[in-house]
Each structure stands twice: as C-alpha cells, then as structure tokens.
Amino acid sequence: MRTATSGERGPAHRARDTTRWDIQGLRAFAVLAVVVYHLWPGALHGGFVGVDVFFVISGFLITGLLLGEHVATGSIRLGRFWSRRAKRLLPAAFLTIVVTGIAVLVAVPSALWGQYGRELIASTVYLQNWELAANAVDYLASADAPSPFQHFWSLSVEEQFYILLPLLLLGLAALGRRRRLSPLVTARLLLGAVVVVSLVWSIVQTATNPGVAYFSTGTRAWEFALGGLAATVHLPEVRTEVARRVRLVATGIGVVALALSLVVITPDTAFPGIAALLPVGGATLVVLFGAGTEFEDVGALRPVAFLGRISYALYLWHWPFIVILPIMLGRPLGWATSTAVLLVAVGLAAVTTIWFEEPVRFSTWLRDLQPRGVVSLGVICTFTVVTLGAATLTAVYVQQVDATTVTEQITAEQDESCFGAAARIGSDDPCIDPELADVRVPAPAAAEDDDDNRAECWNGAFRTCVLGKATGWSKHLIVVGDSHSNALLGAYEKIADDNGWRIDLAGIGGCYLTTAQQDAVNDESMRGCNAWKHAAIDYVREHRDADALVVTHSATQMPVSLPAGKARDIATRNGLVDAWEQAAGDELPVIAIRDNPLPRPDVIACVSKMSGPTTDACDQPRSEALGTTDSSVEAVAAFRAAGGQAAVIDLSDHYCTDTTCPAVIGGVLVYRDTTHITATWAASLEPYLERALRKRLAAFDR
C-alpha cells in the first residue's frame with residue numbers, strides 16, 4: 001500500500017492505482033485535528049487524538065508492508081526496511097530540528113536553552129517520549145514549559161515501533177516454524193497479545209501514573225498493534241451491494257467514533273487508557289473497511305488529498321511556531337496570529353514535502369545506495385544534529401559558570417548594602433543602591449541550578465538531615481515541608497551555624513505536614529507522600545522536647561484534594577491543624593512560614609530578555625502573587641484557638657511592595673523557576689528569617 005504522490009490526485013485515479021484514498025483522508029483528519037487543537041484548544045477539545053489516529057495508520061501500513069514481504073519471500077530484509085523508513089522520515093525531521101534549533105539560539109532567551117537543548121538531542125535520537133515521561137514524574141521538572149521539540153514524542157514512539165516490530169515478527173515466526181505456523185498466524189498472535197497486554201497496562205498506568213502513561217511506548221503499543229491486526233485481515237472483494245453497504249456502514253461507524261472523540265474527549269479526560277478506544281477503534285474501522293467506499297471519494301478530493309500528502313511535514317512545522325512565536329511577541333497567540341501560523345505552516349509543509357522530502361526520498365542516488373549506506377548516512381546526520389544540541393548545552397554551561405562567578409563576587413561585595421532582601425522594598429524606608437540598577441544575579445541561564453538543596457535533606461522516605469550542632473546546641477528546631485521549605489535550606493544552615501543551634505530538616509517533593517489528602521501526579525507518589533507524612537508526624541511527636549516545629553509548604557503545587565461539600569481552603573487549613581495537633585500537641589510550638597509569592601509563569605524567560613537597568617516588565621501584581629488567603633495563617637489561628645502554641649512568619653514585604661512583587665529585587669533574581677526561589681535570594685533573606693525566628697521563640701519562652 002502506498003501513499004499519494006504528486007501525480008496521484010483526484011477520484012479519476014481511483015480506478016488505476018492502489019492508493020488508499022480513505023487513509024489519505026484519515027491522515028488529513030488527524031493532522032488537522034492536532035493542529036487546530038494546538039492553535040485553538042478551546043475550539044476542539046479532543047483534537048490531540050489525531051496522534052492516536054496516526055499510530056493506527058502506521059500500524060496498519062507498516063504491518064501490511066512487512067507481512068507482504070515475509071509471506072512472499074519467507075523473510076524480512078531489515079536493512080532495506082529501515083533504510084526506506086530513514087529516507088521517508090529523517091529528511092523532513094532533521095530539517096525541522098536544525099531550523100528550529102537555530103531559531104532557538106536566535107530568538108529564545110538563553111534561560112530556556114538548557115531544556116530545549118536536551119529535548120533537541122532526545123528528539124534527534126527518537127527518545128523524546130522518554131525524556132518527557134521522566135519529566136512528568138520529576139517534581140522539579142514537571143513545571144517545564146513546552147519546548148518547540150515536544151511534539152517529537154509521538155514520532156519517537158513511531159520510530160521505536162519501526163525498530164521493534166520487524167524484529168519481533170522475525171523472532172516469533174522462527175519459533176512458529178517449529179509448530180508449522182504461517183507468518184500470518186504468528187503475526188496475529190503477536191499483535192493480539194500486544195493489544196491485550198498494552199491496553200491493560202495503558203488503563204492501569206493512566207489511572208496510577210498518567211504522565212508516564214501518555215508518553216510511554218508500552219502504553220501506546222496497542223494502538224499500533226490494533227492497526228497491525230487490521231492489516232492481517234483480508235476482506236473479500238466487494239461483489240454484491242450488501243457487501244458494499246456493510247463496508248460503508250462499518251466505515252461510517254468509524255468516522256462517527258472519530259468525530260465524537262473530538263468532542264467527548266477533553267484535556268481533563270484520563271488518557272490514553274480506556275478513553276483511547278474511541279478514536280483508535282474508529283480509525284481501525286476506517287482502515288479495515290474504508291477501501292472501495294464513498295469515503296475514498298472524500299479522501300481523493302484534491303484539498304483533502306494534498307493535506308494528507310503534506311500531513312507529516314505539517315505536523316513537524318506547526319508546533320515550533322506555537323512555542324517560539326509567543327516568546328518573540330511577548331504575548332500569547334491570538335486568532336489573527338494563530339491563523340497566520342496555520343497558513344505559514346501549511347506553506348512550509350508544502351515546500352518541504354514537494355521540494356525537499358520527496359526529492360530526497362525518491363532520488364535515484366539514494367535508491368541505488370545500499371541499505372547500509374542509507375543507515376550510515378542517517379547516523380552521520382543524527383550525529384550532526386546532536387552536535388547542535390550539545391553545543392547549545394555547552395553554551396548554557398559556560399553561561400552558568402560565568403554567572404556563578406559573578407554572583408559570588410557581587411554577593412561578597414554587597415553584604416552590607418541593599419543587595420537582595422536588604423532592599424526592604426515593602427517598608428516605609430526602602431534601600432536603593434543605584435549601582436545595582438543593572439545587576440541581575442544569578443543570571444537567568446544559571447537560575448535553575450541556584451539551589452542549596454541536597455540529597456541527604458531530600459528523601460522519598462522520611463529522614464532528617466542535621467544542620468548546625470549535632471550536640472551541645474542552644475536551640476533545637478525541626479523543619480518539615482516540601483520543596484518550598486527546602487529552598488530555604490542555605491538560610492537555615494547559616495542560622496544554625498551562626499547561633500549554635502541544631503535544625504533537623506526533612507523535605508520531600510510536593511508533600512508536607514498535613515493529614516489532608518493531596519492531589520499527587522500518580523498513585524505511587526500519593527502512597528509515598530502519605531507514608532512520609534505519617535513518619536514525619538511520628539518523628540515530631542518523638543521530639544516534642546525541641547524548641548519549635550517550623551513548617552512551610554507550597555500554596556499551589558499538589559493542592560489538597562477537593563472533598564465533597566467542602567471548600568478547598570477550609571480542607572487545607574483543617575489538614576494542617578490536625579497534623580500539628582497529632583505531631584506537636586500542646587507541648588511543641590509551631591512556626592508557620594507563609595509561602596513565597598508566585599511569579600508570572602514566564603519569569604525566567606522574561607528577565608533573560610532584559611538589558612541595561614532592570615524594569616518592572618516581569619513583575620507580578622501583589623494580589624495575584626499572594627492571593628487573597630493563606631492556609632498557614634488561617635491554620636495558626638485555628639491551632640491557637642484549640643489550645644496549641646503557634647505563630648506566623650510572613651516575609652511577604654521583602655518580596656513585594658504594596659502593589660507588585662518584582663522578579664528582581666536589589667540586584668537579585670528572586671525565582672529560579674515558576675515557583676521556587678533562588679539560593680541567592682534565600683541567602684539575602686536569611687538575616688530577616690533569623691530575626692523573625694528569634695522573636696517567635698522568645699515569645700514562646702515567656
């Protein structure tokens with residue numbers, strides 16, 4: 001089965017070629033659904049299922065191709081198959097990656113180069129889906145903004161399928177020959193087993209680990225395999241009107257299922273899981289029954305056929321514009337710019353397909369080249385593109401080293417000045433140093449790594465690390481919380497060292513001291529979080545002879561699950577109070593530090609665009625940064641009303657004026673990502689945190 005080329009357009013060709021025009025129409029549907037969803041997500045909630053349709057098409061066509069060769073010759077020429085796949089996929093993919101990589105270096109702030117460089121390399125070697133799956137379960141990486149290479153995850157899954165399927169078919173066929181099973185039978189057994197196992201695994205993973213489930217090859221394999229099973233079914237030729245109507249009805253059911261999937265499936269749907277059966281089943285019905293029906297007439301219409309022809313290149317080109325253009329414009333895409341992106345992407349896809357991809361694919365030079373030579377050429381191209389990504393990462397590393405040196409120098413020189421929190425921007429007497437007007441440390445490119453947290457203080461299983469004096473201390477504090485608590489680790493360590501205190505600190509991603517159930521990224525994380533909470537409560541209960549329990553937590557990440565009939569803020573407050581009562585009782589004082597304000601989502605990229613004096617372009621209104629309520633403040637009041645000892649430390653006035661919360665204060669970049677503060681900012685905040693702790697502890701001693 002072959003796809004349409006430049007000379008294969010229009011219904012007139014139906015009678016004299018073997019092109020599956022219904023599949024060409026299915027390609028057009030799939031790419032249009034994905035592109036429209038990406039450009040106008042509110043207009044087509046389920047457009048992302050177009051990717052699943054592509055998976056079914058690939059499974060159907062590639063399995064049919066491999067089985068045809070296997071049945072005809074008794075084997076599969078792996079080199080020839082892989083070289084043909086390379087000629088089909090690599091030219092347009094590498095062109096897109098290279099052009100996008102150059103665009104990133106030219107138009108994207110250097111603060112994003114590290115993430116983008118890693119994903120460029122992952123996309124080039126077709127491991128992008130696993131890069132994204134790893135980030136989906138990494139608490140600190142889960143807030144990464146989409147990169148212009150993110151859409152290569154689906155192509156990575158396809159490439160892995162192209163590598164594994166022929167190997168599995170050959171291996172199982174070799175075993176089947178001992179039992180005198182034909183290649184067709186062994187293929188059905190293999191694909192049927194993959195459908196069952198992978199679908200079950202997809203349903204389980206979608207419920208327990210949705211981030212990984214979406215990108216995993218294992219949870220998507222059944223979609224290819226179901227399309228492959230359809231390729232093993234040989235329907236008889238249509239000889240009667242009844243047979244034609246049966247095909248037409250079955251195809252129509254598939255088309256209806258595809259149309260419904262665009263409406264009933266939304267980004268909030270647990271996906272892929274059981275929900276993916278609707279688009280995958282619909283696409284399978286079309287590829288199985290669509291030949292010889294009126295749906296081929298639709299697919300053969302010139303606009304539809306052309307869209308199907310350029311679908312691969314259109315999928316490649318549209319997404320980089322969606323990511324990079326808003327960064328360049330400094331605003332989200334509107335209807336006008338989205339329409340322009342669609343038109344430009346279609347134009348680029350047409351040019352790429354007609355004047356680059358197809359000439360390379362059908363060139364006589366490559367056709368005469370041995371498969372080994374084609375594969376070698378692919379390896380050389382891959383190495384070249386990977387080098388581009390490695391060069392980007394090297395540039396980021398150099399910037400980070402330089403920025404770290406500058407940060408250390410400026411920090412050492414500004415100990416007694418208006419540096420960082422010492423600017424006191426929320427006070428009646430702020431400190432302004434003109435020499436810091438154009439200082440921004442750490443540099444945005446180095447912000448991600450400006451973190452004092454360390455492994456022994458950051459555990460999946462509850463375990464404390466001791467800061468300061470292990471014996472002979474004058475004060476003993478227990479600090480428990482999530483990453484927002486551990487962001488202050490450097491400040492806590494200096495406080496402990498300077499005062500001869502002992503601070504037992506324990507942190508875990510997204511989890512903190514509460515008995516309320518939190519929304520975790522997956523069931524495994526939820527179980528680990530709950531176990532950590534129980535252990536934390538037990539530890540604090542055993543150490544009630546300490547001077548205080550200090551708690552901090554993110555106000556937005558892993559929020560408390562919304563209980564039926566209750567407001568989330570009330571449930572959050574009650575969970576804190578209950579945990580404090582169990583852990584501290586009325587013996588151990590509790591000090592709750594209000595969470596840091598939240599910056600605007602693009603804060604790092606925004607600051608990295610600045611040159612010259614720092615402006616307010618990247619600042620966040622105080623009302624949005626701090627919100628209207630704080631669960632820690634409310635919990636302290638409730639805990640005290642119940643007889644416990646508790647106090648609040650609110651450092652918000654060091655982060656914010658009466659109206660705004662700046663991204664850069666006193667020459668210091670406050671945030672290292674969309675929610676966590678930099679270690680440099682935490683260090684500048686240390687004297688004020690120490691002063692507040694001393695004041696609260698003195699009040700408890702009275």
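**Questions about a predicted model**

Me: In this predicted model, what makes Val 204 count as partly exposed?

Reply: Val 204 has a relative accessible area of 38%, and since buried means under 20% and exposed means over 50%, with partly exposed in between, Val 204 is called partly exposed because its value falls between those two limits.

Me: Where does Val 204 sit, and which nonpolar surface patch does Val 204 help to make?

Reply: Val 204 belongs to helix H7, which covers residues 183-208, and together with Val 196, Val 197, Val 200 and Trp 201 it makes a nonpolar surface patch of about 460 Å². Residues of a patch need over 30% relative accessible area, and the 38% of Val 204 satisfies that requirement.

Me: Why is strand E4 described as largely enclosed by the rest of the structure?

Reply: Five of the five residues of E4 are buried, and therefore the strand is largely enclosed by the rest of the structure; buried here means that a residue has under 20% relative accessible area. The side chains of Ala 548, Val 550 and Thr 552 point one way from E4, while Leu 549 and Val 551 point the other way, and all are buried. This fits a general pattern, since in a regular strand the side chains alternate between the two faces of the sheet.

Me: How do you know that E4 pairs with E2 and with E5?

Reply: Two strands pair if at least two bridges are found between them, and E2 and E4, which run parallel, are joined by five bridges, whereas three bridges join E4 to E5, again in parallel; both counts therefore meet the requirement. As examples, Leu 477 has Ala 548 in E4 as its bridge partner, and Val 550 stands opposite Ile 591 in E5.

Me: What makes E1 and E7 the edge strands of the sheet?

Reply: The open sheet has six strands in the order E1-E3-E2-E4-E5-E7, with mixed pairing, and strand E1 (465-468) and strand E7 (646-649) are its edge strands because each pairs on one side only. For E7, the partner is strand E5 (residues 590-593), with which it pairs in the parallel sense over four bridges, and one of the bridge partners is Val 648 in E7, which is matched with Ala 592.

Me: Which strands does helix H27 touch, and what is its direction relative to E7?

Reply: Helix H27 (residues 679-701) packs on the sheet and touches E2, E4, E5 and E7, and its direction makes about 165 degrees with that of E7.

Conventions. Residues numbered from 1 in each chain as written. Predicted model: local features only at pLDDT ≥ 70, side-chain atom pairs only at ≥ 80, totals over all residues. Heavy atoms only, no water. Helix = DSSP H or I, 4+ residues; strand = E, 2+ residues; numbered from the N terminus. Contact = heavy atoms within 4.5 Å. Axes fitted to C-alpha atoms, helices over the stretch in contact; angles between N-to-C directions. Patch = residues over 30% accessible without salt bridge, like charges linked within 9 Å, V, L, I, M, F, W, Y side chains within 5 Å. Areas by Shrake-Rupley, 256 points an atom, 1.4 Å probe, with all protein chains shown as cover. Salt bridge = Lys/Arg side-chain N within 4 Å of Asp/Glu carboxyl O. Buried < 20%, exposed > 50% of the residue type's maximum accessible area, 1.4 Å probe, protein only.
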